[in-house]
Amino acid sequence: MKECLLNFSYAELENLILSLGEKKFRAGQIFRSLHLGLEFNDMTDLSKVFREKLIESYDAQPVRIIKHLQSVDGTMKFLFALRDGNVVEGVLMKYNHGYSLCISTQVGCRMRCVFCASGLNGLVRNLEAGEILGEVICVNKFLGGALGENRKIINIVLMGSGEPLDNYDNTVKFLRLVSEKNGINISQRNISLSTSGIVPKMYELANENVSVNLTISLHSPFDEERQKIMPIAKTYKISQILDACSNYFEKTGRRYIFEYVLIKGENDTSAHAEALISLLKGRPCHINLIRLNEVKENNLKSGTDKEAYRFMGVLEKAGLSATVRRKMGEDIDGACGQLRQRYLSENE
Ligand code: SAH
């Protein structure tokens, strides 16, 4: 398969353009066009000969929207096709200040968390940096957005399918590409990276000089129980995760966030709330409680809204910062991996 130019940083593109015997300023034109979501044939500011030369050796856009679903609450779900026929998904949420896009970092996932649809068939492959970027670029184009100030997407969350820190190099490269000033230029401060807690990579990330918000999927305050919900917990203990979070805070000055999917009868009792309090009290963190989106492939149930808010109340009363995540897109397979899973079973 041809290499994809959306993988290239501005500096890399400049080198390529010079090596092709073209003038340096062409790099700027091409970089902007790529981030606008254009194919080579649409780059009419380039000569036809040069466009053909590029087409011979490279692809421009690695991602195409093949399906989009609109929820009654305004949330949109996208199914993206990659060049090799694999599909991944993303979710677009509209907030008062603009759009937030949740994207995938892998096709499938190795983590196999019990409540999640993404890992049902294991990992297929990592996404390239340009493919992760491609999800953002094509949705921005779909929304009629342009670059910089004129982009429509202002927030990105790496919370779709895949474990970003299990695809570390491509994810970090993506974080740099998407925040380049000549491109779509989404500030790293408006990007959240969610991890199941791959401790060594959390330390590495703290040294990358990317100032993204770190979010950790916790889902239980007890190691033994957490291992039943998330197999990765057999490798990294909660105490190790907390140490890595403290390090991230020291290095970046950024408060971290814990995600906690409330599963009825499994991790939502008052004993869980109390244990969370002793674990997290006094830490510069926030807890995001998530009502489970039920997945038909497992038997886990969601509690009621009232129960979720009661759980939150217990945490707040003890001085923790906690919210219940707005429930969105339930009618359109809103949770990780659900849409791809349905697509795969329908197309078998
Ligand atoms: N691998 C990373 C990022 C992807 S999962 C991680 O584990 O953090 C990101 C989050 O999606 C999970 O923490 C969980 O909060 C949420 N999620 C996945 N499946 C869900 C479901 N069925 N219902 C509700 N939330 C879900």
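I began with a cut-off, since I wanted to sort residues by exposure: buried means under 20% relative accessible area, exposed means over 50%, and partly exposed lies in between. The model I am reading is a predicted one.

**Entry 1: Thr171**

I looked up Thr171 first and found a relative accessible area of 1%, which means that Thr171 is buried. I placed Thr171 in helix α5, residues 168–178. Setting aside residues up to four places away in sequence, I noted that Thr171 touches Thr105, Ile132, Leu158, Pro164 and Leu193.

**Entry 2: two residues with positive phi**

I then turned to the backbone, where Arg112 has a positive phi of about 55° although Arg112 is not a glycine. I located Arg112 in the loop between β7 (106–108) and β8 (123–126), and with 46% relative accessibility I recorded Arg112 as partly exposed.

Asn209, which is not a glycine either, has a positive phi of about 65°. I found Asn209 in the loop between α6 and β11 (213–217), and because its relative accessible area is 72%, I entered Asn209 as exposed.

**Entry 3: the nonpolar cores**

Which residues touch the most other members of the largest nonpolar core? I read off Leu5, Ile30, Val136, Ile156, Phe174 and Leu315, in a core of 102 residues. Helix α4 (residues 129–142) gives the most to this core, with 7 residues.

I followed Val136 further and, leaving aside its neighbours within four places in sequence, listed its contacts as Leu101, Ile103, Ile153, Ile156, Phe174, Val178, Ile184 and Ile186. Apart from the largest core I noted another core, of 5 residues, including Val91, Met93, Cys102 and Met159. As background I kept in mind that nonpolar side chains tend to be buried together in soluble globular proteins.

**Entry 4: α1 against α2**

I next examined helix α1 (residues 10–19) and helix α2 (residues 25–36), whose axes come within 9 Å and cross at roughly 130°. That angle makes α1 oblique to α2, and α1 passes α2 in a right-handed crossing.

On the α1 side I wrote down Tyr10, Leu13, Glu14 and Ile17 as making the contact, and on the α2 side Arg26, Ala27, Gly28, Ile30, Phe31 and Leu34. Sorted by character, the residues of this contact divide into 7 nonpolar, 1 polar and 2 charged. I marked Ile30 here, since I had already listed Ile30 among the residues that touch the most other members of the largest core.

**Entry 5: α6 against α8**

How do α6 and α8 lie, and at what angle do their axes cross? The axes of helix α6 (residues 199–206) and α8 come within 9 Å and cross at roughly 5°, and therefore I took α6 and α8 to be roughly parallel to each other.

I listed Val199, Met202, Tyr203, Leu205 and Ala206 as the contact residues of α6, with Gln240, Ile241, Asp243, Ala244, Cys245, Asn247, Tyr248, Lys251 and Thr252 facing them from α8. The residues of this contact divide into 9 nonpolar, 3 polar and 2 charged.

**Entry 6: Gln240**

I closed with Gln240, which lies in helix α8 (residues 238–252). With a relative accessible area of 35%, Gln240 is partly exposed. Not counting residues up to four places away in sequence, I found that Gln240 touches Val199 and Thr235; Val199 is also one of the α6 residues that make the contact with α8. Lastly I checked Gln240 against Glu266, and the two are 26 residues apart in sequence and 23 Å apart in space, C-alpha to C-alpha.

Conventions. Residues are numbered from 1 along each chain as its sequence is written. This is a predicted model: local features need pLDDT of at least 70, side-chain atom pairs count only at pLDDT 80 or more; totals for chains, interfaces and linings use all residues. Side-chain values use heavy atoms; hydrogens and water are left out. Axes are lines fitted to C-alpha atoms, for helices over the stretch in contact, and angles run from 0 to 180 degrees between N-to-C directions. Helices (H or I, at least four residues) and strands (E, at least two) are DSSP runs, numbered from the N terminus. Angles under 35 degrees count as roughly parallel, over 145 as roughly antiparallel, 65 to 115 as roughly perpendicular and the rest as oblique. A crossing is left-handed if the near helix is turned anticlockwise from the far one by less than a right angle, and right-handed if clockwise. Contact means heavy atoms within 4.5 Å. Ala, Val, Leu, Ile, Met, Phe, Trp, Tyr, Cys and Pro count as nonpolar, Asp, Glu, Lys and Arg as charged, and the others, Gly among them, as polar. A nonpolar core is a set of buried Ala, Val, Leu, Ile, Met, Phe, Trp, Tyr and Cys residues joined through side-chain atoms within 4.5 Å. Buried means under 20% relative accessible area, exposed over 50%, partly exposed in between (1.4 Å probe, protein chains only).
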